[in-house]
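Reader: I've got a model open and I'd like to know what stands behind the labels. Can you take me through a few?

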Amino acid sequence: MHFAILGPVEVELDGRAMPTPRAQQRGVLGYLLTHANTSISVLELIDAVWGGAPPATARAQIYTMIANLRRQFRDMGEPERLQAGQSGYQITVGPGELDADVFDGLRVDAARAERERDLATAEKLLILALDLWRGSALKDATGAYVDLWQAQLDEKRLLAQESLAHVWLAMGKHGELAAEIPGLLARYPYRESLFRPYMLALYRCAREPEALQVGRELAGRLAEEFGIDPTEQTSELISAMLRHDPALDWQPFRGAATIEATVGQGPAPTDPVAGPLRDLPYRPLFVGRHHELAELDAAWTHARERRRGAMVLLHGPAGSGKSALATEWAYRHRGEFPDGTLYVDAGSRERTDDPRLTDPEADFLLVIDGERSSAAVRSRLPSSVRATVVVTSTRRLDGLVLHEAAHPVFVGPMEAEDAVALIEATVVHAGRFADRASTFALAERCDHWPLALRIAAARMSCEPGLTVAGLVDEMADPAAALDSLRLRGDRYSLNDALESTVELLSVEAREAINQIGSGSKPNRDREHGLDGLEHRAEELVRVLPELLSSGLARFREGGLTVLPLFAEHLRRRSGTPCVDGA
């Protein structure tokens with residue numbers, strides 16, 4: 001069965017069209033299709049059709065229209081397609097049956113093909129996607145919801161057309177672009193993201209005067225009707241054309257390297273027609289974290305099934321590998337987001353003015369790295385419910401879990417096998433080979449802590465002659481290990497990361513955690529427990545959730561403990577003299 005909303009609302013089976021003569025009934029069918037595989041209540045259907053002013057007979061009319069649709073599905077031999085349940089009505093649509101879903105899939109595949117430098121395939125897929133359209137979306141349907149959905153779906157169509165324009169620029173098809181795009185510009189006379197590729201195509205066709213005239217006319221319209229100037233990107237393109245900047249000249253495969261026209265995000269910033277873009281950071285060496293990756297996948301899949309984006313909060317102490325985990329997951333799934341990816345470093349003062357943040361239908365991945373409060377995260381959240389957001393924080397931001405239904409994933413020490421694999425991958429890369437026993441011992445010395453493992457690996461890479469076995473000997477006890485986990489000439493150390501985590505605690509929790517460090521010197525035989533704090537049991541109960549969520553303490557068979565390296569840091573922090581013993 002084939003369902004269509006990218007134009008008139010249609011249902012077809014083996015060449016037979018399902019008759020839906022009333023525009024209002026087509027509106028109900030269209031609304032069910034835009035929410036396919038989701039139960040829609042009668043009240044929601046009433047609001048979709050009539051908005052805030054339904055007639056007294058609204059409920060009866062909905063029942064009548066649903067009954068007519070169910071009868072028509074039965075007549076076509078598909079009685080199970082539209083089902084009634086206690087919570088409402090649900091239309092079942094399989095993969096590839098709804099033209100809007102096929103369109104989205106082709107856009108994703110086209111974006112992937114372009115990232116892989118296969119421009120011919122990207123062009124073919126975008127043309128196939130655009131050929132699915134038969135006019136404005138939901139063209140013959142009526143209902144209060146139609147105008148908004150038409151705007152959202154038509155915007156996706158425009159983004160695909162812009163992507164095709166950038167692919168043609170990259171392929172050197174400037175004449176085709178210059179011939180095809182004027183019709184679009186007449187319908188969207190203020191859309192600079194369409195004008196820029198057109199101007200560049202004219203320039204590359206040796207039609208520089210026309211290109212400059214298009215720019216002047218655009219600037220005049222914006223000034224006369226809105227009192228604004230063109231964007232910085234448009235102004236820079238005009239300036240570059242006036243000075244005959246060689247960067248504007250096309251070269252074979254230039255576009256593949258610099259115009260990454262992933263759907264909805266436009267080309268990379270190095271291209272003169274590009275908009276603001278912050279893609280993902282460098283992808284570091286990554287191993288393990290299978291459980292955490294599976295949790296991310298599950299949260300994302302669960303949200304996708306409901307046609308929404310997911311929000312996942314990766315929380316844990318500094319140096320636990322939250323940023324690396326978020327980056328790795330983003331790279332693994334970046335091809336699944338039609339409108340691309342966006343990375344925000346919460347520690348920078350960089351403006352985040354990407355247009356996808358205000359697009360109510362943008363389907364993209366936003367990574368917010370290192371934010372410290374729920375309010376700060378909220379100030380960066382996109383308008384679209386389809387956007388997926390991954391947040392990393394040294395704090396468990398309970399406010400996001402409560403109000404935004406974020407899925408929290410704790411990121412702590414690595415599994416022993418994964419910690420060993422990280423060391424092995426690094427030392428082999430550095431040309432150092434070690435026996436498994438030494439590698440396991442080094443991982444144990446580092447408490448399986450990602451930052452500690454990476455600092456140890458970095459030392460072996462930077463210090464000639466330093467071997468795994470030699471570093472194991474150097475890190476014989478937690479005190480020596482904490483001193484060893486520092487890069488020469490670099491002020492950043494594991495000690496700094498541990499301290500930054502402690503500083504985020506409340507005063508009460510900080511006092512309790514300092515008590516853990518007073519007393520005996522930690523050793524490698526066991527993790528450091530909360531010995532001698534029984535008299536402060538009531539206080540510990542109050543701060544226990546905070547300590548556990550920080551990752552600074554955890555339960556083991558012997559009770560509540562902290563890792564040896566952290567116990568040593570706490571001992572030094574409290575200024576307690578060393579006392580040998582368990």
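**Labels and what backs them**

Author: Let's start in the sheet: Val312 stands opposite His407 in E10. Keep in mind that this is a predicted model.

Reader: What makes E6 and E10 a pair?

Author: Two strands need at least two bridges to count as paired. Strand E6 (residues 311–315) and E10 have four bridges, in the parallel sense, so they pass the cut-off of at least two.

Reader: And why are E7 and E10 said to stand at the edges?

Author: The order of this open sheet of five strands is E7-E8-E9-E6-E10, with parallel pairing. Strand E7 (341–345) and strand E10 (407–410) each have a single partner strand, so one side of each has no neighbour in the sheet. From one strand to the next, the twist averages 15 degrees.

Reader: Which helix lies across E10, and how does it run?

Author: That's helix H13 (residues 290–305), which lies across E6, strand E9 (388–393) and E10, at about 175 degrees to E10. Angles over 145 count as roughly antiparallel, so H13 gets that label relative to E10. Helix H14 (residues 322–333) lies across E6, strand E8 (365–369) and E9, and runs at about 160 degrees to E9. This angle is over 145 too, so H14 is roughly antiparallel to E9.

Reader: Why are H2 and H3 called roughly perpendicular?

Author: Helix H2 (residues 42–50) and helix H3 (residues 58–75) pack at about 100 degrees, with their axes 10 Å apart. The window for the label is 65 to 115 degrees, and therefore H2 and H3 are roughly perpendicular to each other. Among the residues making the contact are Leu45, Ile46 and Trp50 of H2 and Ile62, Tyr63 and Met65 of H3. By class, the contact has eleven nonpolar, one polar and one charged residues.

Reader: What makes Ala206 exposed and Asp447 buried?

Author: Exposed takes over 50% relative accessible area, and buried takes under 20%. Ala206 has 70%, so it is exposed; Asp447 has 7%, so it is buried. Ala206 lies in the loop between helix H9 (192–204) and helix H10 (208–226), and Asp447 in the loop between helix H18 (436–445) and helix H19 (450–462). Neither is a glycine, yet phi is positive in each: about 60 degrees for Ala206 and about 55 degrees for Asp447.

Reader: Last one: which residues of H5 are buried?

Author: Leu119, Ala122, Glu123, Leu125, Leu126, Ala129 and Leu130. Helix H5 (residues 119–131) has 13 residues and reaches 18 Å from first C-alpha to last, close to the 18 Å expected.

Technical notes:
Residues numbered from 1 in each chain as written. Predicted model: local features only at pLDDT ≥ 70, side-chain atom pairs only at ≥ 80, totals over all residues. Heavy atoms only, no water. Helix = DSSP H or I, 4+ residues; strand = E, 2+ residues; numbered from the N terminus. Expected span 1.5 Å × (residues − 1). Buried < 20%, exposed > 50% of the residue type's maximum accessible area, 1.4 Å probe, protein only. Axes fitted to C-alpha atoms, helices over the stretch in contact; angles between N-to-C directions. Parallel < 35°, antiparallel > 145°, perpendicular 65-115°, else oblique. Contact = heavy atoms within 4.5 Å. Nonpolar A, V, L, I, M, F, W, Y, C, P; charged D, E, K, R; others polar.
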